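Reader: Got a new one open here. Can you walk me through it?

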Amino acid sequence: MQKHVDIEQFVVIDETAPLSAATHGGRAKCLQRLIRLNLPVPLTVALPFKTVRAIASGTPVDTRAILEHFGERPLVSVRPSSEDPDWGGPGAVLNIGMNDARHAEYANLLGHQAADELYARFVQTYSVEVAHLDPDSFEFDVADAAALREMLDAYEDEADEPFPQDPGRQLSDVLRSMARAWEGTSARLLRQARGAPEDAGLGLVVQRMAPGLGPGESGSGVIRFVSSETGQPQIIGRYLSQAQGRDALDDKGAYYLTVDPRGPSLEEHYPEGFDKLVEYGAICRQKLREEMEIEFTLDSGELSVLDAVRVQRTARAAVRIAVALAEDGVISKEEAVLRIPPGGLSELMHRQIDPGSDRDILARGVAASPGAATGRLKFTSAAAQAAAAQGEASILVRRETSPEDIRGMHAAQGVLTMRGGMTSHAAMVARGLGLPGVVGASSIHYDLKDKTITTPDGRVFAEGDVITIDGTTGTVLAGDVPKLEPSLDDAFRTLLAWADEARDIGVRANADTVEEARVALAFAAEGIGLCRTEHMFFEEDRLTVMREMIFAESAEGRAASVERLVPMQLSDFSKLFELMDGKPVTIRLFDPPLHEFLPQTREGMRDLADALDLPLSKVVRRVDALAEFNPMLGMRGVRLGVTMPEIYDAQARAIFMATVLAAKKGKTVVPEIMIPLVSARREVELVQGRVEAVAAEVRTKTGASFDYRLGVMVETPRAALRAGDIATHASFLSFGTNDLTQMTYGLSRDDAGRFMSDYVQQGVYEEDPFHRLDLEGVGELLKLGADRGRAVRPDLTLSICGEHGGDPDSIAFCRDAGFDYVSCSPFRVPVARLAAAHLAIRERLGASDASTEMSDF
């Protein structure tokens, strides 16, 4: 004989019942709160996670003991109660307890049609969801007078027994079916995909039925008081007479709730019930401190609240709802900030694929830069620029991008590459531009010669064909897909202003151009933490001068060439300083290897030879001479500054002259000059000496006085380990976590995407280290560098300026390590501001999310 679960392991929900969301699930806890608010909730029993697990493993619960609470002729429903409603659960089962005898009673009480529907609905659900019989045998309209008899016959034929008449057995079977459904592999994987832990539990609630069928005003409906899309106040829902559950939402004959020219409404048909629902909604909002969706029934005019759940919402609606609750004094500003996950802000700042649209997915890659874009395929930067000149939207598709593609990326609506990962050139530039990007779509065959791409299923798309990319999910889609526009409204700005009041670490932006800096300011960045000057050299006129410098045969020749760049850089920096209006600007000196400025194709070399009036053979020899086996570890960064000091001299001169010009316009600027790829103190000493000499020269020439700060970009493990030595010559250390991760792991960030998913899936790495900062390895280098630098120079400014700067986990690490600020791409600045505020608020609240929960009334 099987042992029953101890009857103490279920509880009748009342005001004082010992239950919680962590033991009985969110639905059970919410029903208790509704009872405490004196809302008319039918009698309900809650089964905790422990009991449901026991049922799933084969230990039955004493259903007779449960049903004793519901009288001699019980009629109940069972609904799931997971800890978080977003994790889902098995569907509700209604009308448990219906049998031949109860059917006869209801026929006399409610009429034959109502009794038939009650019984038929239960037979249909029980047969398919509980007994797992062939669904086709029970495909009947429950409102059909013949449906009940046919389904009872079908059950007996399929199950080789009459339909169960004992309410205790019915309930036992339903509980066991729902418990086992939760423990199934598919259900477990689905809820884990929604963020549930592997061992997430399920509770079940058994509730007295309020049938919604019969004489008088009877029916069921759903009501909410805000729009799920916008968060604006709006009464939304439906009511259907002579109906159960959520039927009203799917029935064309359902009533609107408020007066509506499109059809009848509950407000007109039964104003007393409508007014009560509005009253209950206001009570829930005020006391539960949340916007709730209420499921209700009317039985001969008597209103019952069956359930209330948090209104599902888009990111846009979530922000508006949180701000409105705070402005109305329902919750605090800090709680409003905590209610919005930082990552959700990306949906507000970029166009997104409409969730309700059909999608023809062609391939998947890395979601490198959020947002959705549609355009015609273009295979070269020149083609993308030509399309933009004609007002045509394009998607730039490349095997991988290089600095020469920047102008094409500026012209395109989105970028798609076959290679690369989160910190590849395409990914970083796209995020800086706010351009949707999908990289590493390696399943696509790319043919530049024929200008086609072939998808995994064999479809071929040629230049000019229309595709859509979704940089939020990393998907490539056929054709033009409907999109939702971004929403940077007053609620968005208000929420972030509250976040700024709370956070205690600075947030700057990585911005290489005036346009990017303008975006950064629009998102309230506190300055520029990384301005990569090399991106300023790829305009056509500047590129020619750079190439002349590369082909110069002496230091004097190089100096003469780069001096021609000074007025151009002076213009760049002057515009930047004027726009930033005294906010700090950190300018990284020239970093990339020189070969990036030279053509790699024979045709390109021939054009360059014509432009410089040089023999083709000399151009080819120079290109070959600059070629490196591993250019990212070769002649770049400070190594160029030491061996070709004319480049850094010219840049320093342009920075200081721009500083003087800004001062003449009444703007106080203290430029921050950053030396890249340092690994030894002597490198800093050499560059520092030349920068100081240029500063003295500009001061003498202009008669002006100005200050500047010289710092180091820590990108090599040795620089982190020797930070104490380096800090003696630096006012600040900014950790470039993209290259530092690359060098620490010995991984090429452009190639790691080929195997990274396998590594993550097999547990080699918990997460892609280019996507999320490796706190154990790279993080230890950051901590060592910070500690050793400040041990020598306590006033040393510390920051990170890689793409990790916008990641909440990285911000938490930097905050704990005493860093002064983080810097990230402009479109990640709001995310970083909000994440930093979360950390500060939670610390003040004792590292708990409890304040964001509904009140326990």
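Author: Sure. Keep in mind that this is a predicted model. Let's begin with a cysteine. Cys531 has 0% relative accessibility, so Cys531 counts as buried.

Reader: Which cysteine sulfur is closest to that of Cys531?

Author: The one in Cys801. The two sulfurs are 12 Å apart, which is too far for a bond.

Reader: And Cys824, buried or exposed?

Author: Buried, because its relative accessibility is 0%. Its closest cysteine sulfur is in Cys801, at 11 Å. That is too far for a bond as well.

Reader: How many disulfides does the count come to?

Author: Zero. The cut-off is 2.5 Å between the sulfur atoms.

Reader: OK, packing next. How many residues are in the largest nonpolar core?

Author: It has 129 residues. Leu345, Phe656 and Leu733 have the most contacts inside this core.

Reader: Which helix gives the largest share of that core?

Author: Helix H26, residues 645-664. H26 supplies 10 residues of the core.

Reader: What is Leu733 in contact with, leaving aside neighbours within four places in sequence?

Author: Val712, Val714, Ala723 and Ile726, to begin with. Then Gly785 and the run Leu796, Thr797, Leu798 and Ser799.

Reader: What about a second core?

Author: A separate one has 54 residues. Among them are Leu118, Phe138, Tyr155 and Ala200.

Reader: Switching to helices. How many of the residues of H17 are buried?

Author: Nine of the nine, so H17 (residues 425-433) is largely enclosed by the rest of the structure. The buried residues include polar and charged ones by class: His425 and Arg431 are on the list.

Reader: What covers the buried residues of H17?

Author: Helices and strands both contribute. The helices include H16 (406-411), H19 (514-522) and H30 (737-745). The strands include E12 (366-369), E15 (414-417) and E16 (437-439).

Reader: Back to His425. Why does it count as buried?

Author: His425 has a relative accessible area of 16%, and buried means under 20%.

Reader: What is His425 in contact with, beyond four places in sequence?

Author: Thr401, Ser402, Pro403, Ile406 and Asp750.

Reader: And which residue follows H17?

Author: Gly434. Its phi is positive, near 70°.

Reader: Which residues other than glycine have a positive phi?

Author: Asn95 is one of them, with phi near 70°. Leu677 is another, with phi near 60°.

Reader: Where is Asn95 found?

Author: In strand E4, residues 93-96. Asn95 counts as buried because its relative accessibility is 0%.

Reader: And where does Leu677 lie?

Author: In the loop between strand E26 (672-675) and helix H27 (681-702). Leu677 is at 0% relative accessibility, so Leu677 counts as buried.

Reader: Last topic, H8 and H9. At what angle do their axes cross?

Author: Roughly 60°. The axes of H8 (residues 167-183) and H9 (residues 185-193) come within 5 Å. The two helices are therefore oblique to each other.

Reader: Which residues meet there?

Author: From H8, Ala181, Trp182 and Glu183. From H9, Thr185, Ala187, Arg188 and Arg191.

Reader: How does that contact split by class?

Author: Three nonpolar, one polar and three charged residues.

Key. Residues numbered from 1 in each chain as written. Predicted model: local features only at pLDDT ≥ 70, side-chain atom pairs only at ≥ 80, totals over all residues. Heavy atoms only, no water. Helix = DSSP H or I, 4+ residues; strand = E, 2+ residues; numbered from the N terminus. Buried < 20%, exposed > 50% of the residue type's maximum accessible area, 1.4 Å probe, protein only. Core = buried A, V, L, I, M, F, W, Y, C linked by side-chain atoms within 4.5 Å. Contact = heavy atoms within 4.5 Å. Axes fitted to C-alpha atoms, helices over the stretch in contact; angles between N-to-C directions. Parallel < 35°, antiparallel > 145°, perpendicular 65-115°, else oblique.
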